[in-house]
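Okay, thanks for coming, everybody. I've got one structure to walk through today, so let me put it up and then we'll go through it piece by piece.

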Protein chains: 2
Amino acid sequence: MKPENRKQEIVKAASILFKEKGYSAVTMRDLAKAMGIKAASLYNHIQSKQEILSTIIIDLAEEFTEGMNKISESDQKTIQKIENIIELHIDVTLRNADGLASLNNDWMHLEEDNLQYFEKMRYDYENNFRKIVQKGTEDKEIKSFNIEIIVFSTLSTLRTLYLWYPKQKDIDADILKKDMISVLLSGIV
Amino acid sequence: MKPENRKQEIVKAASILFKEKGYSAVTMRDLAKAMGIKAASLYNHIQSKQEILSTIIIDLAEEFTEGMNKISESDQKTIQKIENIIELHIDVTLRNADGLASLNNDWMHLEEDNLQYFEKMRYDYENNFRKIVQKGTEDKEIKSFNIEIIVFSTLSTLRTLYLWYPKQKDIDADILKKDMISVLLSGIV
DNA sequence: AAACAAAACTAACGATTGTTAGTTTCAATC
DNA sequence: GATTGAAACTAACAATCGTTAGTTTTGTTT
């Protein structure tokens, strides 16, 4: 077992605990118990509790940033771009629902450089989204509501997927994508 | 200054700190500093840190429960009921955005009876919402998507309002209600 | 079987946590 | 001006926190 594998196991176990109680409420002894070892042994594989958090969050944030940049730079129509954003969120959620809890709720416990790095990525992400919606309204592809409301309502649904999707056992990923796109784009009435 | 007033001030200051860092990461010394007093002095007005959290959360949860029960028992049409739910969330958000952070993110740190009480209220709330949507699809008022997706996507937007609305300076409450209802019900396309 | 490295362990540290006990300050009431 | 009660204070507690140092176990390679 390579050390990197063991670190990944620790990060994964930490993701689950952080999801349940939040970063601050999870102790290194809690995490060690979940791994079946003692707290001090964790430090053979990681440098600090903080390193675990930043690994979880920064990796995910970079994944979203890359995905959004590709979509943003493409020459698709607005509606297609928004559909791609929805799919991006669903894909990431399916792959790492636990980690998304930290991304959403524990980012403020990042320290120094990583906090700034995260906040810049989040700002850029939201701004890219905003620009896409802006162009969509100009091209009459999207109704001319307050842009912030559209961005916020869409994004908050996508960001909260991690809480909800793991509980749905009988929904196929492709059906979820289709229905989610319909609900978010065309409404429910 | 009546003791009840002072307690309310403490709860309000705690709501702001809990919103910024979460319940577990806020110490009684942090809270005392925000109040301009020493940590031990807080205990002249409150019984424990836990009491502050349960005051914040249970009060809000009961407010939502009462609102939902009224809407649920009314004889309005489905669409009107959903509009009323949207208004309920906006009203509560305007009145106590800070406390909603704890309701959303720190409920798991409630102890014993209050945790069970909260979880029952949350379950009933979601179930009432689900029944309303269910009836709406049967009456053809609402498109027949997967009901869980509709409930989830609507509720996650409404629950996250507290994060977003305080940042919007120039949106009037009535305009917000109208646009939010349009976006959630009719979609953006 | 000897040697070695990875990964576990025990024990402990200094700092911080929520909270309590006992005391002082201060404004209102008599 | 003496009394009183609310609300602040100082000092300290036992428990727990993240982390470190030093040691032992384990499994693989020679």
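Before I point at anything, one cut-off: I'll call a residue buried when its relative accessible area is under 20%, and exposed when that figure is over 50%. And keep in mind that this is a predicted model.

So let's use that cut-off right away. Take Ser153(B), which comes out at 4% relative accessibility, so it counts as buried. Where is it? Ser153(B) sits in helix H8 of chain B, the helix that runs over residues 147-159. What does Ser153(B) touch, once you ignore residues up to four places away in sequence? The answer is Thr157(A) and Val183(A), so here we have a chain B serine with chain A residues as its contacts.

There's another buried serine I'd like you to look at, over in chain A. Ser15(A) has a relative accessible area of 5%, which makes it buried. You'll find Ser15(A) in helix H1 of chain A, residues 3-21. Skip its neighbours within four places in sequence, and the contacts of Ser15(A) are Ile56(A), Asp98(A) and Gly99(A).

While we're on the inside, let's talk about the core. The largest nonpolar core holds 127 residues. Which of its members touch the most others? Those are Ile52, Trp164 and Met180, in chain A and again in chain B. Zoom in on Ile52(B): beyond the neighbours within four places in sequence, it contacts Ile10(B), Val11(B), Ala14(B) and Phe18(B), and also Met28(B), Leu31(B) and Ile46(B).

Now, how do the two protein chains relate? If you rotate by 180°, with 0.0 Å of shift along the axis, chain A lands on chain B with an RMSD of 0.0 Å. So the two copies are related as by a two-fold rotation axis. If you want to find that axis on the screen, go to Gly187(A), which is the chain A residue that comes closest, with its C-alpha at 1.8 Å. As for the interface, 100% of the interface residues in chain A are interface residues in chain B as well, so the copies meet through the same surface.

Right, on to the DNA. I'll start with strand D. DNA strand D has 18 residues around it, and the closest are Thr27(A) and Tyr43(A) from one chain and Lys38(B), Asn44(B) and His45(B) from the other. Is the protein up against the backbone or the bases? Of the strand D atoms within 4 Å of the protein, 58% are sugar or phosphate, and the rest belong to bases.

Here are some individual contacts. On the phosphate side, a polar side-chain atom of Ser41(B) is 2.9 Å from a phosphate oxygen of DNA strand D. Val26(A) does it with a backbone N or O atom, which is 3.3 Å from a strand D phosphate oxygen. On the base side, look at Asn44(B), where a side-chain N or O atom is 2.5 Å from a base nitrogen of DNA strand D. Which elements give two or more residues to this surface? They are helix H2 (28-35) of chain A, plus helix H1 (3-21) and helix H3 (39-42) of chain B. By class, the surface near DNA strand D has eight nonpolar, five polar and five charged residues.

Now swing over to strand C. DNA strand C is surrounded by 18 residues, and the closest are Lys38(A), Asn44(A), His45(A), Thr27(B) and Tyr43(B). Sugar or phosphate makes up 58% of the strand C atoms within 4 Å of the protein. For phosphate contacts, a backbone N or O atom of Lys38(A) is 2.5 Å from a phosphate oxygen of DNA strand C, and one of Val26(B) is 3.3 Å from a strand C phosphate oxygen. For a base contact, a polar side-chain atom of Arg29(B) is 3.0 Å from a base nitrogen of DNA strand C.

Last stop, a couple of backbone oddities. Lys140(A) isn't a glycine, yet it has a positive phi of about 65°. Lys140(A) is in the loop between helix H7 (112-138) and helix H8 (147-159) of chain A, and at 73% relative accessibility it counts as exposed. Glu112(B) also has a positive phi, about 45°, without being a glycine. Glu112(B) belongs to helix H7 of chain B, residues 112-138, and its 64% relative accessibility makes it exposed.

That's my tour, so over to you.

Technical notes
Residues numbered from 1 in each chain as written. Chains lettered and ligands numbered in written order. Predicted model: local features only at pLDDT ≥ 70, side-chain atom pairs only at ≥ 80, totals over all residues. Heavy atoms only, no water. Helix = DSSP H or I, 4+ residues; strand = E, 2+ residues; numbered from the N terminus. Buried < 20%, exposed > 50% of the residue type's maximum accessible area, 1.4 Å probe, protein only. Contact = heavy atoms within 4.5 Å. Core = buried A, V, L, I, M, F, W, Y, C linked by side-chain atoms within 4.5 Å. Near = heavy atom within 4 Å. Polar contact = N/O pair within 3.5 Å; in protein donor to acceptor, adjacent residues only side chain to side chain. Nonpolar A, V, L, I, M, F, W, Y, C, P; charged D, E, K, R; others polar. Least-squares fit on C-alpha atoms with pLDDT ≥ 70 in both.
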